[in-house]
Every structure is written in C-alpha cells, then in structure tokens.
Amino acid sequence: MSSAITPLTQLPAWQALEAHYQKIKSVHLRQLFADDPQRGRRFSIEDVGFYFDYSKNRITEETIRLLLNLADESGLRERIDAMFRGDKINTTENRAVLHVALRAPRDQSIIVDGTNVVPQVHDVLDRMAGFADRVRSGQWLGQTGKRIRNVINIGIGGSDLGPVMAYEALRHFSRRDMTFRFVSNVDGTDFAEATNDLNAEETLFVISSKTFTTLETMTNAHTARRWAVQALGEKAIARHFVAVSTNSDEVAKFGIDTANMFGFWDWVGGRYSMDSAIGLSTMLAIGPEYFSSMLSGFQAMDEHFQTAPFQRNLPVLMGLLSVWYSSFFGAQTVAILPYDQYLKRFPAYLQQLAMESNGKHVTLNGQSISYQTGPIFWGEPGTNGQHSFYQLIHQGTMLIPCDFIGFCQTANPLGSHHDILMANLFSQTEALAFGKTADEVRSEGTPDRLVAHRVFEGNRPTNTILTERLTPETLGKLVALYEHSVFTQGAIWQIDSFDQWGVELGKQLAMKILPEVKLAEDPELRHDSSTNALIRHYRKR
C-alpha cells in the first residue's frame with residue numbers, strides 16, 4: 001500500500017461509525033428484536049452450504065451500511081483482488097500471499113514472479129497422493145518388511161496445529177487400523193508419550209519444517225532418529241522418515257531420501273499451510289479422495305469470498321463484525337464454540353490463525369496504531385464449555401462476542417444425543433441475547449435478596465453458523481471462512497496480516513540462553529537481574 005494512505009481513524013466511514021456507536025452502544029437486543037419481528041430472517045444468509053445467522057449482534061441496518069462503507073474506503077476489494085492475483089501484499093517480507101493457490105483447480109492460472117504456480121501445487125499433491133496410497137495399501141513397508149501402522153507428525157506452529165486439528169475433525173473419515181500422533185513441544189515428555197507404546201518397525205515419522213532448521217522440530221526429529229536407529233539400525237531412516245520441507249540439503253544430511261521430500265513455497269505462511277504438503281499426515285489418515293474433497297471446500301469458500309457482494313459475503317461480514325466489537329466496543333476476545341466434539345482442536349487452530357496474523361501494533365506504513373486490533377481467540381466444544389466458562393460470558397463484566405458452530409446431522413447418531421446438543425446451542429444464543437430481567441426473576445418466586453444474582457443482562461452478541469454435516473468439504477469451507485475473515489480484519493486495520501516478527505525475539509534469546517544453562521562451569525550472565533536469578537536457580541538444581 002502507498003505511504004500516502006489515509007489513516008484509518010481519519011476515514012469518513014470510521015468517523016461515522018464512531019458517531020453511530022455512541023447512539024447504539026446501549027440499545028438492547030430485546031428492543032431490536034421487538035422493533036423488527038423479521039430480524040432473524042433479514043439478518044441471516046444461506047450460501048456456500050452454510051446458514052449464517054448474525055441477527056443476535058448489536059447492530060442495525062445502519063451499522064451494516066457503515067461497516068460496508070468502511071470496507072470500501074479501506075480498499076478491501078482491491079486487497080482481495082491483489083491477493084488472488086499473486087501480488088506481494090506481505091510487504092515486510094516482499095512475498096505473495098497465496099494459500100488460495102493451494103486449492104486452486106488444475107486449469108487455473110496464478111502468476112508469481114512470472115510463473116504459474118498452480119501446476120507446481122498439483123505436482124506436489126499428486127506426489128503426496130501416490131505416497132499416501134502406497135502407505136495405506138501396505139505397498140510401502142518398513143525396514144523389516146512390516147507395513148506402516150503408526151504415523152507421527154513432528155512439527156510446530158502451523159506445521160502441527162493444522163494437521164492435529166484436521167485429524168481430530170475428520171477422525172470419522174480416517175483409517176481406524178492406523179494410529180496417528182503429533183509431536184510439537186520440545187518438552188521431551190511430548191515425544192516420550194507419543195512413542196511409548198509403539199513398535200518402531202511399524203512407525204513412520206513425517207518431519208515438517210520448511211527450513212529443516214526449526215529448533216523444536218529438529219530437536220524432536222533427531223530424537224526420533226535415535227529412537228528408530230536404536231531399534232532398527234541406520235538403514236531404517238530411508239523407510240521410516242519422510243520430510244515436508246524446501247531444504248533438500250538438510251533433508252539429505254538427516255538421511256531422508258529427497259525423493260520422499262514434499263515441498264511448499266514462501267508464499268504460504270505456516271498458519272495457512274494445512275492444505276499444502278504440511279497436510280501429508282492428514283492425507284495419510286483420510287486418503288487422497290477425502291483430502292481432495294477438503295480442498296474443494298476451501299476453493300468454494302475462496303470463490304465466494306472473491307465474488308459475492310460484500311453485503312452477502314460471509315467472511316467479509318464476519319470480519320467487519322469483529323472490527324466493530326474490537327475497535328468500537330473494546331471487546332478483547334472472541335469465543336469459538338463448536339458444538340461438535342470432533343472440532344475440539346478448532347479453537348486452538350484459530351488462535352494461531354487470528355492472533356499471529358492480526359496481533360500487530362503498527363500499520364503497513366510502520367505507524368503506531370491508536371485503535372484496538374487482533375482479539376484473543378479461545379474456546380471449547382459445547383456442551384463442555386457451558387459447565388466451565390459460560391458463567392463469565394453470561395454474567396461477567398466483559399463483553400465477549402461468540403461464534404457458535406453447529407451441524408444439523410451427526411456422524412454418530414446415538415438416541416437423542418444430537419437433539420440435546422443442538423437444543424443447547426440454540427438456547428445459549430437465545431439466553432446470551434435476551435437474558436432474564438429482574439421482573440422475570442421475581443415472577444419465578446425468587447426472594448428479593450437473590451434477585452440481582454439471578455438476573456442475566458443479555459445483550460451479549462453471537463454469530464451462529466449451521467451446516468448439514470462435518471465432512472472434509474465442510475471443514476475446508478469452515479477454515480477458509482475464518483482465513484478470509486482474518487484477512488478482512490487486517491485489511492480494515494491497515495496491517496500486514498502475513499508476517500510474524502513477534503515470534504522471533506524470544507527464539508533468538510533462547511538460543512543465547514541455551515548454552516548458559518548447559519555449560520558445566522558457571523557462565524558470566526549479562527541479562528537483567530530477574531533473568532540472571534532464574535538461570536542461576538535452575539543451574540543449582
């Protein structure tokens with residue numbers, strides 16, 4: 001973006017929204033629904049296989065009109081087009097941002113530095129599919145001739161969170177005669193527990209690291225190497241390890257045949273990479289056909305985001321509503337509440353997607369930001385969360401917008417379980433919106449001294465996302481929905497959503513401190529007094 005960009009808070013639409021906020025901030029959802037009996041219908045959209053109800057937000061048609069004006073004045077359309085074209089919109093790293101190319105159809109053309117990258121993507125996908133078929137069919141055998149029954153993905157960040165989430169979400173579609181585990185933490189416990197009950201003869205490791213130098217991943221990878229070699233000998237590396245990386249020299253040095261290396265590109269950020277070669281463990285679990293269905297879901301949402309008018313564009317509306325609550329109401333968090341146990345890792349996955357993308361304190365121009373960006377994402381599946389943290393959402397002092405995600409059909413029909421689950425979802429959004437007044441509490445015979453304790457203020461905003469079933473295609477759509485919502489927020493906030501410099505400083509300091517905690521003799525410490533004392537305390541013990 002040009003250095004002459006108008007600061008966000010000086011845009012007419014932003015100033016109009018500030019004035020509008022002052023008028024609407026105290027209006028209750030009870031009043032909004034009473035004034036408009038058709039509100040639930042008018043503030044809902046059905047598209048791309050999703051039913052999106054945003055009527056229980058603290059908005060009017062005027063709010064939406066002003067938010068759409070803000071999108072226009074912020075150049076959101078131009079930013080979307082630039083991303084899909086392959087422009088280098090990650091300006092701090094001078095890179096294109098093309099996770100959308102990972103799921104583009106074979107006949108599509110997306111040019112980066114004069115080259116159509118789509119054929120490269122499909123070449124990798126085809127190689128992944130061939131490998132997955134060999135492993136799943138038993139054609140690929142371990143060093144001693146036994147078939148592979150255990151797959152351990154070793155990665156961290158986007159090389160772990162996406163594969164873990166996808167495996168858990170799609171476990172219903174996975175091979176039940178195979179075991180899939182994921183090691184990310186450099187804490188040795190993670191590796192020890194993942195391998196404790198496994199036979200090395202039947203175990204395949206997928207080492208996922210773009211550079212093949214990431215400290216945590218390579219520490220775990222070398223531990224895995226020692227574990228396999230101790231049981232099977234040096235020759236086992238070629239049959240029990242494959243790599244997802246772009247560094248063929250380091251992969252070969254490790255002992256992995258580069259024919260079993262699956263690459264990706266610097267125009268894919270780690271948190272956007274679950275549908276690239278980083279998803280190899282996912283493909284091994286669910287098979288190439290289901291993986292292809294997941295990519296189709298991603299692509300369907302990409303097309304919707306690129307072509308649907310903003311007033312009916314699901315990611316755009318979700319992104320604008322997040323801006324509304326973060327930057328005007330001062331809401332600091334968003335609760336992600338999937339009513340499906342298979343999505344138990346989805347909130348954790350979205351934490352990285354949203355918070356690594358939009359946790360920024362300067363604009364694209366490097367100017368300090370005066371408004372709130374990047375809300376904290378968190379959550380748990382329903383109904384578990386209802387017996388945990390919903391108390392604070394309902395009656396606490398903080399405003400916490402919530403996204404409820406539900407499915408009309410379950411993969412595991414057991415009696416009335418699913419009806420009870422969905423009844424809870426619907427009741428929670430109703431309770432959060434409308435609450436319970438003091439008069440309603442008194443009418444139930446509640447003693448006066450307890451009335452205040454049993455009042456629910458309501459006016460707590462929610463989105464509800466419903467779709468038919470949780471399938472690979474649905475998961476692709478759902479992830480892309482949030483990817484593009486995050487993109488929308490970043491475009492409005494005038495930030496680079498695709499770098500992550502904030503993760504670097506701690507890693508650099510860790511490399512400096514590591515020898516200081518390992519040295520046999522006491523080192524000369526030159527940190528602050530707190531850090532020095534912590535290192536000395538650790539060394540003594």
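Begin by selecting R225 and F254 in this predicted model, where R225 lies over the face of the F254 ring, at 5.6 Å from the ring centre. Then select R239 together with W140, for R239 lies over the face of W140, and here the distance from the ring centre is 4.0 Å.

**Aromatic pairs**

Stay with the rings and turn to how they meet one another, since the structure holds 30 aromatic pairs. Select F305 and F487, whose ring centres are 5.9 Å apart and whose planes stand at 80 degrees, so the pair is edge-to-face. The two residues belong to distant parts of the chain, F305 sitting in helix α13 (residues 288-307) and F487 in helix α20 (residues 472-493), 182 residues apart. Both F305 and F487 are buried, and it may help to hide the surface while you look.

Next select W324 and F328, an aromatic pair that is tilted, with 5.5 Å from centre to centre and 40 degrees between the planes. W324 and F328 are 4 residues apart in helix α14 (residues 314-329), which means that about one helical turn separates them. W324 is buried, as is F328. If you now add W14, Y21, Y325, F329 and Y371 to the selection, you have a cluster that ring pairs link together with W324 and F328.

**Two helices that pack**

Return to α13 and show helix α5 (residues 76-85) beside it, where the two pack at an angle of about 140 degrees with their axes 10 Å apart. The two helices, α5 and α13, are therefore oblique to each other. To see where they meet, select R77, I80, M83 and F84 in α5, and then D302, F305 and Q306 in α13.

Follow the chain onward from α5 to N94, which is placed in the loop between α5 and β3 (111-112). N94 is not a glycine, although its phi is positive, at about 55 degrees. N94 is exposed, with a relative accessible area of 52%.

**Strand β13 and its partners**

Now select strand β13 (residues 462-467), which is mostly covered, with 6 of its 6 residues buried. In a regular strand the side chains alternate between the two faces of the sheet. On one side of β13 look for T462, T464 and L466, and on the other for N463, I465 and T467, all of them buried, so that both faces are covered.

Which strands pair with β13, and in what sense? Strand β2 (residues 50-53) runs antiparallel to β13 and is joined to it by 4 bridges, and F52 stands opposite I465 in β13. Strand β12 (residues 402-407) pairs with β13 in the parallel sense over 6 bridges, and D403 stands opposite N463 in β13.

Just ahead of β12, select I400 in the loop between α16 (390-395) and β12. I400 is buried, with a relative accessible area of 4%. Beyond its neighbours within four places in sequence, I400 is in contact with T333, A335, W378, L392, I393 and P461. In the loop between β11 (376-378) and α16 you will find T383, and the peptide bond from G382 to T383 is cis, with omega near 10 degrees.

**The open sheet**

Move to the open sheet of 5 strands, whose order is β6-β5-β7-β8-β9 and whose pairing is parallel. The strands β6 (179-183) and β9 (261-262) stand at the edges, each with a single partner strand, so one side of each is left without a neighbour in the sheet. Further in, strand β7 (residues 203-208) and strand β8 (residues 241-244) pair in the parallel sense over 4 bridges, and S208 stands opposite V244 in β8. Show helix α8 (residues 188-195) as well, for this helix lies across β5 (150-154), β6 and β7, running at about 170 degrees to β6.

From S208 it is a short step to S159, which lies in helix α7 (residues 158-169). Not counting residues up to four places away in sequence, S159 touches N153, S208 and I278. S159 is buried, with a relative accessible area of 11%.

End the tour at F212, in the loop between β7 and α9 (215-232). Like N94, F212 is not a glycine, yet F212 has a positive phi of about 60 degrees. Is F212 buried or exposed? F212 is buried, with a relative accessible area of 3%.

Definitions and conventions:
Residues are numbered from 1 along each chain as its sequence is written. This is a predicted model: local features need pLDDT of at least 70, side-chain atom pairs count only at pLDDT 80 or more; totals for chains, interfaces and linings use all residues. Side-chain values use heavy atoms; hydrogens and water are left out. Rings of Phe, Tyr and Trp (its six-membered ring) pair if their centres lie within 6.5 Å; planes under 30 degrees apart count as stacked, over 60 as edge-to-face and the rest as tilted. Buried means under 20% relative accessible area, exposed over 50%, partly exposed in between (1.4 Å probe, protein chains only). A charge sits over a ring if NZ of Lys or CZ of Arg is within 6 Å of the ring centre and within 35 degrees of the ring normal. Two strands pair if DSSP finds at least two bridges between them. Axes are lines fitted to C-alpha atoms, for helices over the stretch in contact, and angles run from 0 to 180 degrees between N-to-C directions. Angles under 35 degrees count as roughly parallel, over 145 as roughly antiparallel, 65 to 115 as roughly perpendicular and the rest as oblique. Contact means heavy atoms within 4.5 Å.
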